[in-house]
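Biologist: I would like a close look at one part of this model, followed by an account of the empty space in it. Please keep to what the coordinates support.

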Amino acid sequence: MRKIPIYSHPAAGWPALFSSTRKLMDYQTFLRGSASVFQSNQPKSGFDCPGCAWPDHKSHKAIDVCENGIKVLASETMTKKADAAFFARHTVTELQGWSGYELEHSGRLSEPLYYDAAQDRYIAISWEAAYQRIAEQFKQLNSPDEALFYTSGRVTNEPAFMYQLFVRCFGTNNLPDCSNMCHEPTSVMLGKQLGIGKATVRLEDFEQAKLILMFGQNPATNHPRMLEMLAHAHEQGCRIISINPMREQGLSKFRNPQKPTHMAAGQSDEMVDEVVQLQIGGDAALLTGIAKWLIENDKINDDFIATHTSGFEPLKQWLTEQTWADVELGCGIPQAEIIGLAKLVADSPATICTWGMGITQHVQGDDNVAMITNLLLLMGMVGIDGAGASPVRGHSNVQGDRTMGIHERPAQKLLDSLERVFKKPMPQKHGFDVVTGAKALIDGKIKIFMGMGGNYAVAAPDTTAIEQALTTTQLNIFVGTKLNETMLYPGANNLILPCLGRTERIVTAKGEQFATIEDSMCQIVPTQGNLKPVSDTLKSESQIVADIATHVLGTDSSIPWQAMSEDFDVVRDYVAQAIDGFEDFNQRIRTTERGFHLYHSARHRVWNTESGKAQFEVPQYPITYVAAQMAETTLTFKNNVSKNSPRTDSSSDNVQDNAQGNVKNDEQKIWQLTSVRSHDQFNTMIFGFHDRYRQANRRDVLFMHPDEISRLGWQKGDSVMVTRYASQNSADQPRILGPLVLTEMDIASNAVAAYYPECNDLFDLDTYAPDSHIPAYKSTTVVLQRVDASTAEPA
């Protein structure tokens with residue numbers, strides 16, 4: 001398949017600066033937002049960017065924020081308000097018809113609000129009256145497990161610790177968070193295999209790596225500050241391979257805005273040496289082929305395996321049983337190319353494997369992470385400089401929230417520690433995660449929903465079903481800075497509680513406070529906003545948690561909720577007592593410029609696993625899983641056509657024809673669809689409609705390789721309906737999205753892509769990885785049909 005350079009310019013550079021400036025102006029916060037740019041990620045006196053979780057480099061820069069970070073700052077620093085006056089002009093029913101972009105730009109939430117059903121509007125309410133309503137509704141529950149407490153990764157460590165403590169004192173572990181939808185396979189499998197579910201590398205390891213394998217990542221869009229480190233590693237002689245169904249144009253070259261000579265002279269740094277365009281969902285199969293060749297050709301680290309690992313023989317036996325034909329079918333890459341990758345791995349003295357949600361968000365997401373870890377263990381690439389596992393988290397403190405105890409399946413050690421410190425019994429039963437919580441909500445088992453940030457209904461699969469389920473609760477509580485779709489489906493009682501943003505000062509009776517976060521590589525850093533709050537009625541998240549805890553749990557002097565909200569040092573002292581690695585928290589966070597690194601046992605080759613050694617894991621799914629799913633969808637579609645359609649044109653009868661592209665009828669080819677995010681969004685926040693690197697200027701698009709478009713006899717700009725059929729044994733109805741506008745992308749054959757979260761209703765709550773329960777956002781089989789855009793009827 002030919003390569004298509006759709007975007008020929010380097011990543012970042014002048015377009016990034018222009019785009020950032022435009023976004024500050026779009027949000028009407030040029031001066032206020034620009035002031036925040038100079039304070040973002042600055043040591044001692046600055047705040048940590050509320051965008052991605054990429055670590056800060058030890059070197060100091062006057063401006064240390066990327067294009068995406070500036071867009072997030074523009075969103076947060078805007079002074080336009082979504083207050084009672086705004087809601088007086090717009091009913092909730094009207095707002096349900098607004099796009100995510102329109103809601104995002106409606107303004108900052110600036111006063112507490114409750115939903116009045118008679119007027120179909122949000123109306124101002126005092127903080128005390130809001131707390132009284134909350135306490136009344138909590139008292140009506142038959143069980144603490146009837147409440148669900150969601151957390152977004154934007155919440156800093158101190159309020160996160162208070163939040164999980166309140167929830168557990170109330171009596172439940174129903175603490176789903178955004179980890180459940182992004183890197184849960186990472187946490188589960190690294191925890192199982194290495195004893196700790198976090199990155200084993202530090203940022204400095206990228207400067208010493210000789211080979212970097214990037215799986216399922218698009219840093220130019222999702223964490224642009226990584227580009228500088230990749231370019232630097234490449235300049236040092238490191239070979240960088242991108243393994244991705246999409247050839248992301250933002251990974252070809254990088255023009256660093258931090259280098260004036262680059263900007264002035266139009267120079268750029270090379271980054272990726274090669275792109276391996278495997279089929280969607282083919283990562284475990286590709287890694288199987290690499291590992292198979294390494295073992296069969298005795299290119300593994302026998303000493304490390306013998307000393308530090310367990311489970312090698314079962315993995316070796318399993319790899320031996322895998323045929324090269326199945327490996328090729330599973331990943332779509334020829335054997336010779338796989339062997340070429342394996343030789344690179346064999347020759348590298350220091351290899352980093354780094355990955356994003358292109359690895360995790362699959363039914364076989366657990367297997368993908370397991371096979372990456374297996375590869376590192378085979379080569380002894382854990383616990384040495386310049387090598388290791390580097391999952392890149394999406395939200396700024398999603399990893400810190402988990403460390404603070406935001407977890408529906410808490411370790412017994414954490415519960416015992418909380419009981420010891422606070423002298424209170426902690427709930428032992430595992431709680432609901434995002435998937436099981438959404439199901440419980442839909443089934444009517446959840447009476448109270450509380451969201452500490454985030455956009456739960458839109459971020460999760462089955463968005464429409466969750467939105468409708470929220471209207472059946474007796475209370476919904478939303479703590480946040482911006483209006484979003486989840487807030488617009490009120491239950492019997494609905495409250496919006498506005499909080500301070502990361503960029504704003506937190507001043508209490510004890511003086512100005514700072515908080516902390518944990519980045520993707522286990523570094524704990526301080527964060528302190530410096531802007532005047534957009535409204536005098538805003539409260540910190542810590543204050544809101546303390547107030548709710550006081551009203552719901554009653555006066556309890558044994559847990560000083562208000563003292564914690566007024567003095568974050570008190571919270572940190574409790575964290576130091578309850579959570580390993582935070583000893584002398586207050587002293588350590590103040591005596592180092594960039595915070596401190598949490599002890600990582602696997603980095604020191606200490607394996608806190610059941611066996612006491614690093615653990616090889618055999619995948620649970622066959623490496624031909626994707627091909628099997630396509631075959632089943634082919635059969636389902638053919639049966640559907642024969643039952644319901646007056647005409648049944650002939651088509652290829654098996655998945656092999658589909659994989660080869662031998663299409664006899666364009667309406668019956670089966671495709672693998674993946675969700676993607678645009679260059680103008682962050683998570684579910686839509687900043688605009690321009691996806692610069694993919695040359696798309698709207699969100700209702702379906703990406704496909706131009707060769708495939710030609711092969712079908714279609715044209716760029718055609719309207720296409722996307723249908724996902726249920727399995728043969730399911731009573732579920734087909735899920736349909738569209739019409740979408742056909743758009744070119746350099747994506748693997750047999751693959752298409754659509755924007756998240758608009759395509760979320762194509763994904764269900766029953767399709768997820770078995771151990772981690774992560775929804776399969778990145779891989780599902782669909783049927784495409786070209787239609788007349790004006791009627792959505794077959795063309």
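Biologist: Does serine 535 count as buried or exposed, and why? Please go on from there to the cavities and the largest pocket.

Modeller: The model is predicted, and what follows should be read as such. Serine 535 has a relative accessibility of 10%. The cut-off for buried is under 20%, so serine 535 counts as buried. Its place in the chain is the loop between strand 21 (523-527) and helix 25 (541-553). Two polar partners can be named for the side chain of serine 535. One is the side chain of threonine 537, with a polar contact at 2.8 Å. The other is the backbone oxygen of serine 110, which lies 2.9 Å from a polar atom of the serine 535 side chain.

Now to the empty space. Rolling a probe the size of a water molecule over the atoms shows where such space is left. In this structure there are 9 cavities of 30 Å³ or more.

The largest cavity holds about 680 Å³ of space. Its lining consists of 43 residues, and Ser152, His395, Gly454, Thr684 and Met685 lie nearest the centre. Elements that each supply at least two lining residues are helix 3 (67-77), helix 6 (100-104), strand 15 (448-452), helix 23 (456-459) and strand 16 (475-480). Sorted by class, this lining has 20 nonpolar, 17 polar and 6 charged residues.

The second largest cavity holds about 460 Å³. It is lined by 35 residues, of which Gly216, Asn222, Met357, Gly358 and Lys778 are the closest to its centre. Two or more lining residues come from each of helix 10 (219-222), helix 18 (357-360), strand 24 (670-676) and strand 25 (681-682). Strand 24 gives the most, with 3 residues. The classes here are 10 nonpolar, 19 polar and 6 charged residues.

That leaves the largest pocket, with a volume of about 1,400 Å³. Of the 38 residues in its lining, Gly195, Ile196, Gly197, Lys198 and Ala411 lie nearest the centre. Helix 9 (184-194), helix 20 (398-403) and helix 21 (412-422) each supply at least two residues of this lining. Helix 9 gives the most, with 5 residues. The lining of the largest pocket divides into 10 nonpolar, 16 polar and 12 charged residues.

Definitions and conventions: Residues numbered from 1 in each chain as written. Predicted model: local features only at pLDDT ≥ 70, side-chain atom pairs only at ≥ 80, totals over all residues. Heavy atoms only, no water. Helix = DSSP H or I, 4+ residues; strand = E, 2+ residues; numbered from the N terminus. Buried < 20%, exposed > 50% of the residue type's maximum accessible area, 1.4 Å probe, protein only. Polar contact = N/O pair within 3.5 Å; in protein donor to acceptor, adjacent residues only side chain to side chain. 1 Å grid on protein atoms, 1.4 Å probe; cavity = no way out; pocket = protein on both sides within 12 Å on 5 of 7 lines; lining within 4 Å. Points joined across faces, edges and corners; volume = space filled by probe spheres on them. Nonpolar A, V, L, I, M, F, W, Y, C, P; charged D, E, K, R; others polar.
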